[in-house]
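Please open the model in your viewer and keep the sequence beside it. The stops below tell you what to select next and what is found there.

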Amino acid sequence: MNFNTYFADKSKYRSLILLSLFHIFIITISNYLVQITFEINVPFTDWVIPSTWGTLTFPFIFLATDLTVRVFGAELARKIIFVVMFPALIISYLISVLFFETQFQGFSALSEFNFFVFRIALASFSGYVVGQLLDVFVFNRLRQGKRWWLAPMCSTIFGTLIDTFVFFAVAFYQSTDEYMAEHWFTIGSVDYAFKLFVSLLLFLPLYGVVLNLILKKLDLR
């Protein structure tokens, strides 16, 4: 089926637009928030755990990907994912430069190349591509089964592991940001653990509800 015939269906075309915007939004906000760090003081101990606010938003990338694969199929989903990555990375770079270190820098900041922000965009592209290709090629078979939760659960566990450490290594290994350069592995480990906690305990039940609503709405059962 060619694209013109496929997208003649208004409901599927609308789903394409919404899912693409969702991808772009999550990538953009995550790439910005990962630059903002905070520390968690473990009660009754001297432990201090470093983390970033991007941890709260990254798990939703897997929701967007899995829904895209289910609605449009693996082949078309791969094309959609690659296409939306580029505007997402451009937008995230622009926003991160304009609001670098949470302060508006003025539009003149765009005239200078920010290598620190560029590394984050490059890391996002690297980790996202590796993680999503693994998801599409490996976990797509699990989506054909009757257990709707099996594919997103396995994708979350293994896809997140690879995506997380590819991202943090590319973005912050020997970075000009001394704090991130020193703690990138610890922050990545905390990020991965938190993603699993959020995804498996909170995200998957919500995912099942959203998935069923979308499939019913598009009459794709």
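The tour goes from the whole chain to its core, then to the aromatic rings and the surface.

This is a predicted model, in which local features need pLDDT of at least 70 and side-chain atom pairs count only at pLDDT 80 or more, while totals for chains, interfaces and linings use all residues. Residues are numbered from 1 along each chain as its sequence is written, and side-chain values use heavy atoms, with hydrogens and water left out.

**The whole chain**

Start with a cartoon view, where 7 helices and 2 strands can be picked out, in the order α-α-β-β-α-α-α-α-α from the N terminus. Helices (H or I, at least four residues) and strands (E, at least two) are DSSP runs, numbered from the N terminus. Of the 221 residues, 48% count as buried, where buried means under 20% relative accessible area, exposed over 50%, and partly exposed in between, with a 1.4 Å probe and protein chains only.

**The core**

Next, select Val34, Phe72, Ile120, Phe167, Phe168 and Phe172, the residues with the most contacts inside the largest nonpolar core, which has 36 residues. Such a core is a set of buried Ala, Val, Leu, Ile, Met, Phe, Trp, Tyr and Cys residues joined through side-chain atoms within 4.5 Å. Among the elements that give two or more residues to this core are helix H3 (60–72), helix H5 (115–138) and helix H6 (150–172), but H4 gives the most, with 9 residues.

Zoom in on Phe167, which is in contact (heavy atoms within 4.5 Å) with Asn31, Val34, Phe58, Ile120, Ala123, Ser124 and Phe172, leaving aside neighbours within four places in sequence.

Now move to Thr52 in strand S2 (residues 48–52), which is buried with a relative accessible area of 0%. Beyond the residues up to four places away in sequence, Thr52 touches Leu33, Val34, Ile36, Thr37, Phe38, Met180 and Ile187; the C-alpha atoms of Thr52 and Leu33, 19 residues apart along the chain, are separated by 6.9 Å.

**The aromatic rings**

Show the ring side chains, among which a search of the whole structure finds 16 aromatic pairs. Rings of Phe, Tyr and Trp (its six-membered ring) pair if their centres lie within 6.5 Å, and planes under 30 degrees apart count as stacked, over 60 as edge-to-face and the rest as tilted. The rings of Phe113 and Phe118 have their centres 5.3 Å apart and their planes at 50°, so this pair is tilted. Phe116 and Phe172 also form a tilted pair, at 6.0 Å centre to centre and 45° between the planes. Because Phe116 lies in helix H5 and Phe172 in helix H6, their pair ties together parts that are 56 residues apart in sequence. Add Phe100, Phe167 and Phe168 to your selection, since ring pairs link Phe100, Phe116, Phe167, Phe168 and Phe172 into a cluster.

**The surface**

Finally, switch to a surface view and select Ile90, Ile91, Leu94, Ile95, Phe99, Phe104, Phe107 and Leu110, which make a nonpolar patch of about 730 Å². Within this patch, Ile95 lies in helix H4 (residues 74–98) and is partly exposed, with a relative accessible area of 31%. Thr28, from helix H2 (residues 10–33), counts as buried at 9% relative accessibility, and the residues in contact with Thr28 outside its neighbours within four places in sequence are Ala88, Ile91, Ser92 and Ile95.

Terms used: Patches are made of residues with over 30% relative accessible area and no salt bridge: like charges are joined within 9 Å, nonpolar side chains (Val, Leu, Ile, Met, Phe, Trp, Tyr) within 5 Å. Accessible areas come from the Shrake-Rupley method with a 1.4 Å probe; for residues, only the protein chains shown count as cover. A salt bridge is a side-chain nitrogen of Lys or Arg within 4 Å of a carboxyl oxygen of Asp or Glu.
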